[in-house]
Amino acid sequence: MHIVCCIKQVPDTAQVKIDPETNTLIRSGVESICNPYDLVAVETAVQLTEKHGGKVTVITMGPPQAEAALRDCLALGASEAILLSDRAFAGADTLATGFTLSQTINKIAAAEPVDLVICGKQAIDGDTGQTGPGLATRLGYSQFTYVSEIIKVDLKNRTIRVRREVEGGREIIEGKLPALLTAELDLATPRYATLPELVRALRHPIKTWGAKDITDTPEKLGLKGSPTSVKEIFTPGARAGGLVFDTAAADGRTTADFINTLFEKESVLLDGLLDQG
Amino acid sequence: MPKNSQGRDIAEIIPDKCIACQLCVAECPVSAIQMVGGVAKIDPELCIGCGRCFDVCPVNAVIFEKPRQKRAAAGQAPPPGDYQGVAVFIEVRDGRGAEVSWELVGKAREIAGKLKTKVLGFLPGSGVSSIAEEAIAYGCDTVYTVDDARLESFLPKTYGHALVQLCNMAKPEILLLGATGLGRDLASVVATRLETGLTADCTGLDVDPENRWLLMTRPTFGGNIMATILCRQRRPQMSTVRPRVMKLPLKDPARRGEIQRVEWEAVEGDLPKIIEFLPRAAAGIDITGAPVLVVVGKGACDVKNLPMLEELAGLLQGTIACSRAVVETGLLPYERQVGQTGKTVAPKIYIGVGVSGAVQHLAGMQGSERIIAINTDRHAPLVQIADYAIIGDYTEIVPEMIKGIKARIKQASKK
């Protein structure tokens, strides 16, 4: 089976620090990583091809440096990697991104039919979770978001059965291939790449496609194809710190005193919650 | 002003201000700007000093000192004028209107007031007439129902189809949806099919009545930056809003409104089939709905003390959640994780026990009404933002809290 994974390079938010004086992000020197949910998507895809045969193609849209994220995926066992890099793609919102990815996947599928597309459920820098469903809609594929388990892939009858995390519970759902899934973190655990895999990933050629390679309607790409625009950006007012009690500071107050002060101050909120049963 | 080796005045980017929106990359006529390490960087030798990057930068991260005014964005066609009204998708959960939908109806009323227009309810589902009445009581002027047995369970395709149908018919200028899993999926399907702009997970909504623009504010970069987004030309302007961000309006059973039944244009082709639904009780718990969360951090990651923390949570009708580090140790499952890669929560009371408060964790809980931190480290980030912080050993502090709460319960039951 042929699986396409859409991945994104994101700033490693674990390294993002806040300047305590100005309350702004210190962004310089922050490394870029492959979005963690996308690594789960790739691992899932690789496991499926290990079971059913076939190949995994990873694609990403981004600057030339995004190649590093593709190499991470090759090291996990992906077979092919395509970098979508063109100035015409820059400034894309989710609508334009969905269009760009759908055109790319249609081109890939024309050469080699695609059974499954797997994306991370969201990217950790934007957290929108919109790209997957938008892409499935454009491709006309069955859409399963927030997937936490793949129960069965039936290539003969062209169906897939998955478990999804939904409001109030979990859903077991079955639909036709080709399908698009978005991955929850517990769908799979990305393996540690072995040394030979890492070497292969470094040597593997990566194709770069530009606007002309995927579409005749460049006005739907990037900034031009994006209906939304940023009006302004601001730093949210930091939550001011409140009362602090240090149990080690012997000022005569006990922990119980402080807790009582807390309860008195918040009595309205608290009394509504007390379990009197 | 910086110059390049050819002596030309050039623009420069302040990396700490750059938000990686790449607008300058798209705008630069000579491809002199590239993303390097997550921020835009101008190649001084390629830069021709035209200042277009300076014009488009939304955060003033470009230094460009040629004496000139910021140019307005290139001429844009006005939005289509025949779109009117603020629509809310009314989500049905367990046969009832989801609370987030009513919260949005309340917000829609406020926006519609400023725009001098109506609030519309979009209600696809099966057997939804009583919910339509309720939508009016909460503030809808007109409710469009698409009542069809085939819309009994949610599928993005069928619901998307119904909503597109309603948008084409009622032509709302704004469409709001709850940022639930279902709402996010649906919003994306509808925005893609209507080729319009969608802004996810807004925490603030306002309008510019003159231009009839919806001002959609959302946290980005893990909640550390707020961005206000516009959809200038396409309609409807679409936005999803997380539950419990907007205030639940009061229900007025005497309110009058109109209900319009719309026949569903069914979708062709094979549709996915829901085989089974496992409710949360059997499947696990949902920490996003709990009014109180006792959140276990690395500093309290001890199986021996878990019962004590569970007792504290139980006394307040709450439940146990945790940080990522605790999930990694295997003490608690992933579904209890708060933070960027876990769940976003906004309980009435958040009690962090041994939680230091990394940026990604804070991003998932900053909306909490009250924050209490128990930690040995006075300088932990969570202590800095907490409304109440107790510095010390949690194994001594938590029993004191339990004792205090039990005393209050006793007091209350006497009254």
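**Reading a two-chain model**

Colleague: Let's start with one residue: does A:Thr104 count as buried or exposed, and why?

Modeller: A:Thr104 counts as buried because its relative accessibility is 0%, and buried means under 20%. Keep in mind that this is a predicted model.

Colleague: Okay, where is the place of A:Thr104 in chain A?

Modeller: A:Thr104 sits in helix 3 of chain A, which covers residues 94–111. Leaving out residues up to four places away in sequence, A:Thr104 touches A:Ile59, A:Leu84, A:Trp209 and A:Ile214.

Colleague: And what does chain A look like as a whole? How many helices and strands are there?

Modeller: Chain A has eight helices and 15 strands, and 55% of its 277 residues are buried. Its domains are domain 1 (2–225) and domain 2 (240–277). Going by C-alpha atoms, the centres of those two domains of chain A are 47 Å apart.

Colleague: Now the interface. How do I read its size?

Modeller: People often give it as the accessible area lost when the parts come together. Here, chain B and chain A bury about 8900 Å² between them, with 57% of that from carbon and sulfur atoms. Chain B puts 111 residues into the contact and chain A puts in 94.

Colleague: How many salt bridges are there between chain B and chain A?

Modeller: The general idea first: side chains of opposite charge can pair when their charged atoms come close. Between chain B and chain A the count is seven. One salt bridge joins the side chains of A:Glu266 and B:Arg370, at 2.7 Å from N to O. On the side of chain B that touches chain A, helix 6 (residues 181–194) gives the largest share, nine residues. That side of chain B divides into 57 nonpolar, 30 polar and 24 charged residues.

Colleague: Which side chain meets A:Arg164 in a salt bridge?

Modeller: That's B:Asp185, at 3.5 Å from N to O. The pair crosses between chains, from strand 10 (residues 159–166) of chain A to helix 6 of chain B. A:Arg164 and B:Asp185 are both buried.

Colleague: What about a pair inside one chain?

Modeller: Try B:Lys304 and B:Asp302, whose side chains meet in a salt bridge at 3.4 Å, N to O. B:Lys304 counts as exposed because its relative accessibility is 65%, while B:Asp302 is partly exposed at 26%.

Colleague: Which residues are linked in a network of salt bridges?

Modeller: A:Glu149, A:Arg163, A:Glu165, A:Arg170 and B:Glu335 form such a network. Over all chains, the structure holds 34 salt bridges.

Terms used. Residues are numbered from 1 along each chain as its sequence is written. Chains are lettered from A and ligands numbered from 1 in the order in which they are written. This is a predicted model: local features need pLDDT of at least 70, side-chain atom pairs count only at pLDDT 80 or more; totals for chains, interfaces and linings use all residues. Side-chain values use heavy atoms; hydrogens and water are left out. Domain bounds come from an automatic or database domain assignment. Helices (H or I, at least four residues) and strands (E, at least two) are DSSP runs, numbered from the N terminus. Buried means under 20% relative accessible area, exposed over 50%, partly exposed in between (1.4 Å probe, protein chains only). Contact means heavy atoms within 4.5 Å. Buried area is the accessible area (1.4 Å probe) that two parts lose on being put together, summed over both. A salt bridge is a side-chain nitrogen of Lys or Arg within 4 Å of a carboxyl oxygen of Asp or Glu. Ala, Val, Leu, Ile, Met, Phe, Trp, Tyr, Cys and Pro count as nonpolar, Asp, Glu, Lys and Arg as charged, and the others, Gly among them, as polar.
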